[in-house]
Amino acid sequence: MQRYDTTEPRVSEYTFREWLIDFYEQQLDYYMSNIGKRTEFNTLITPTLIEMTLKRLKQLVDKYGITSRRLL
């Protein structure tokens, strides 16, 4: 039986942080291309939604110190 080292996560925090920032960047790209339409969850894509997504992306970038291609 194979045992895993439980002292370290299988996915590093840095990898998760990059994934999270990439997720917000992808959402932002999608929202900007579909203003006025609805998401698969029936959420109306508005400028306010875009602003809040951008704000959260900036918070994550500032917190984790990872460069975002959307904030350059």
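Q: What share of the 72 residues in the chain is buried?
A: This is a predicted model, so the answer comes from computed values. A residue counts as buried when its relative accessible area is under 20%. For the chain of 72 residues, the buried share is 21%.

Q: How many helices and how many strands does the chain have?
A: Let's take the helices by name: H1 covers 13–33 and H2 covers 47–64. As for strands, the count is zero, and the full tally for the chain is two helices and zero strands.

Q: What percentage of the accessible surface belongs to carbon and sulfur atoms?
A: Start with the total, which is about 6000 Å² for the chain. Of that surface, the part belonging to carbon and sulfur atoms is 52%.

Q: Among contacts with a separation of 6 or more, what percentage joins residues 24 or more positions apart?
A: Contact here means heavy atoms within 4.5 Å. Take the contacts in the chain with a separation of 6 or more, and the part due to residues 24 or more positions apart is 49%.

Q: Is Thr 39 buried or exposed?
A: Thr 39 sits in the loop between H1 and H2. Leaving out neighbours within four places in sequence, Thr 39 touches Tyr 30, Tyr 31 and Ile 45. Its relative accessible area is 14%, and the cut-off is under 20%, so Thr 39 is buried.

Q: Which residues does Leu 44 contact, leaving aside neighbours within four places in sequence?
A: Leu 44 is also in the loop between helix H1 and helix H2. With a relative accessibility of 38%, Leu 44 counts as partly exposed. Once those sequence neighbours are set aside, its contacts are Gly 36, Lys 37, Arg 38 and Leu 49.

Q: How far apart in space are Leu 44 and Tyr 31, C-alpha to C-alpha?
A: In sequence, Leu 44 and Tyr 31 are 13 residues apart. In space, going from C-alpha to C-alpha, the distance is 9.6 Å.

Q: Which residues make the nonpolar surface patch of about 330 Å²?
A: Residues need over 30% relative accessible area to join a patch. Phe 16 has 44%, Trp 19 has 49% and Phe 23 has 34%, so each of these clears that bar. The patch is made by Phe 16, Trp 19 and Phe 23.

Q: What is the angle between the planes of Phe 16 and Trp 19?
A: The structure holds four aromatic pairs. One of them joins Phe 16 and Trp 19, with ring centres 5.9 Å apart. Both residues lie in helix H1, three residues apart, or about one turn of the helix. The pair is stacked, and the angle between its planes is 25 degrees.

Q: Why does the pair of Trp 19 and Phe 23 count as stacked?
A: These two are four residues apart in helix H1, so about one helical turn separates them. Trp 19 is partly exposed at 49%. Its ring centre is 5.7 Å from that of Phe 23. Planes under 30 degrees apart count as stacked, and the pair qualifies because its planes are at 20 degrees.

Q: Which residues form the one aromatic cluster?
A: Stacked pairs link Phe 16 with Trp 19 and Trp 19 with Phe 23. Tyr 24 belongs to the cluster too. The members are Phe 16, Trp 19, Phe 23 and Tyr 24.

Note on methods: Residues numbered from 1 in each chain as written. Predicted model: local features only at pLDDT ≥ 70, side-chain atom pairs only at ≥ 80, totals over all residues. Heavy atoms only, no water. Buried < 20%, exposed > 50% of the residue type's maximum accessible area, 1.4 Å probe, protein only. Areas by Shrake-Rupley, 256 points an atom, 1.4 Å probe, with all protein chains shown as cover. Patch = residues over 30% accessible without salt bridge, like charges linked within 9 Å, V, L, I, M, F, W, Y side chains within 5 Å. Salt bridge = Lys/Arg side-chain N within 4 Å of Asp/Glu carboxyl O. Phe/Tyr/Trp six-rings, centres within 6.5 Å; stacked < 30°, edge-to-face > 60°.
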